[in-house]
Amino acid sequence: MNSTPSNKRLKKLIKDLSLSMVNEIVEESIVQAEKENRGYDEFLCELFEAEVVNRKNNRVQRFLRESKIPLEKSLQTFDMERLSLPLKRVVNSLIDGGFLSRKENVLAFGKPGSGKTHLLCAIAQELIYLGHRIYFTTGTALVEMLLKAKKELKLDNALKKFSKYDAIIIDDIGYVKYNREEMEVLFTLLSQRYERGSIMLTSNLPFSKWEDIFKDSMTTAAAIDRLVHHSVIIELNLNSYRMEVAQKRKNDVKNEVK
Ligand code: ADP
Ligand code: MG
């Protein structure tokens with residue numbers, strides 16, 4: 001841009017308004033618009049559109065970082081062919097994000113290695129691309145964090161922090177046995193989220209074994225009731241993905257040797 005007083009003023013205004021993308025492209029856009037004899041409205045649309053797109057992208061990147069989701073577990077790296085047709089349909093319907101606005105939960109069950117964590121992380125990343133906010137944690141880390149907050153008399157604050165997320169992924173709930181205090185903070189979180197925000201969880205334990213997590217049968221029933229009331233259940237009746245890949249590799253080598 002040449003340095004006439006009006007150009008200098010323009011540069012300063014763009015800076016004051018923090019229009020970082022406009023700042024990057026304005027000079028080139030002016031030259032181009034003059035060359036192509038474009039109208040003022042078209043020119044302005046182009047500039048502001050570029051700013052809006054850039055801001056959306058930056059927000060998605062920020063949400064992906066804050067989500068703590070292992071980003072390699074994406075839909076691109078997930079082999080959907082392992083899923084049955086009805087399950088593929090369920091996954092496709094979850095990706096539109098409707099369940100988040102309905103505050104429904106997604107509960108994924110299956111043997112270790114069947115792909116529960118990968119699948120929920122993949123769905124969650126797609127939803128973040130749509131502009132939603134999701135937080136990933138493990139059952140163990142969550143309980144530890146809540147218990148620490150409780151000891152510091154900050155449990156309310158800790159619970160409130162989750163309210164900004166459309167969904168919380170609790171990976172491997174019940175992987176370790178919780179003591180009563182640990183179980184109680186977990187139950188408090190589940191109750192607090194009930195009908196207010198989604199929970200996406202994975203578990204190797206079927207509901208019939210959840211008394212191991214929540215100790216007494218009343219609390220177990222109450223926890224399951226809250227989770228299941230509005231929920232989508234995913235049963236991954238699959239063998240371990242890694243074992244299958246390893247087995248296939250072994251067979252391939254055998255065939256090559258023959
Ligand atoms: P789970 O949570 O059920 O124990 P994971 O999601 O951790 O299983 O999957 C175990 C490993 O196998 C991970 O490395 C994961 O990326 C991979 N995996 C599982 N299912 C698939 C799949 N359908 N496509 C690609 N990789 C998969
Ligand atoms: Mg897992």
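A pocket, in the sense used here, is an open set of grid points, placed over the protein atoms alone, where a 1.4 Å probe fits and where protein lies on both sides within 12 Å along at least five of seven lines. With that in mind, it helps to know that the model shown above is a predicted one, and that two of its pockets, the largest and the second largest, are described below in turn.

The largest pocket holds about 480 Å³ of space, and this is the space taken by ligand 1. Its lining is made up of 19 residues, and those that lie nearest its centre are Lys73, Gly113, Gly115, His118 and Arg242. When the lining residues of this pocket are sorted by class, four are nonpolar, eight are polar and seven are charged. Helices H6 and H12 each supply at least two residues of this lining, and H6 gives the most, with three residues.

We can now turn from the pocket to the ligand inside it. Around ligand 1 there are 15 residues, of which Asp79, Gly113, Lys116, Thr117 and His118 are the closest. This shell contains three nonpolar, six polar and six charged residues. Helix H6, which runs over residues 116-129, and helix H12, which runs over residues 241-257, each contribute at least two residues to the shell, and the largest share, three residues, comes from H6.

Several of these neighbours approach oxygen atoms of the ligand, and it is worth looking at them one by one. Glycine 113 does so through its backbone, with an N or O atom that lies 2.7 Å from an oxygen atom of ligand 1. Lysine 116, by contrast, uses its side chain, where a polar atom lies 2.8 Å from an oxygen atom of the ligand. In threonine 117, an N or O atom of the side chain is 2.7 Å from an oxygen atom of ligand 1. Taken on its own, ligand 1 has 550 Å² of accessible area, and the protein covers 85% of it.

The second largest pocket has a volume of about 280 Å³. It is lined by 16 residues, and Ile30, Tyr40, Phe43, Leu44 and Leu47 are those nearest its centre. The elements that give two or more residues to this lining are helix H1 (5-16), helix H2 (20-35) and helix H3 (40-67). Sorted by class, the lining of the second largest pocket has 13 nonpolar residues, one polar residue and two charged residues.

Conventions: Residues are numbered from 1 along each chain as its sequence is written. Chains are lettered from A and ligands numbered from 1 in the order in which they are written. This is a predicted model: local features need pLDDT of at least 70, side-chain atom pairs count only at pLDDT 80 or more; totals for chains, interfaces and linings use all residues. Side-chain values use heavy atoms; hydrogens and water are left out. A residue is near a molecule or strand if one of its heavy atoms lies within 4 Å of it. A polar contact is a pair of N or O atoms within 3.5 Å; within protein, one must be able to donate a hydrogen and the other to accept it, and residues adjacent in sequence count only if both atoms are side-chain atoms. Accessible areas come from the Shrake-Rupley method with a 1.4 Å probe; for residues, only the protein chains shown count as cover. On a 1 Å grid over the protein atoms alone, a cavity is a set of points where a 1.4 Å probe fits but cannot get out, and a pocket is an open set with protein on both sides within 12 Å along at least five of seven lines; lining residues have an atom within 4 Å of a point. A molecule sits in a cavity or pocket if more than half of its atoms lie within 2 Å of its grid points. Helices (H or I, at least four residues) and strands (E, at least two) are DSSP runs, numbered from the N terminus. Ala, Val, Leu, Ile, Met, Phe, Trp, Tyr, Cys and Pro count as nonpolar, Asp, Glu, Lys and Arg as charged, and the others, Gly among them, as polar. Grid points are joined across faces, edges and corners, and a volume is the space filled by probe spheres set on the points.
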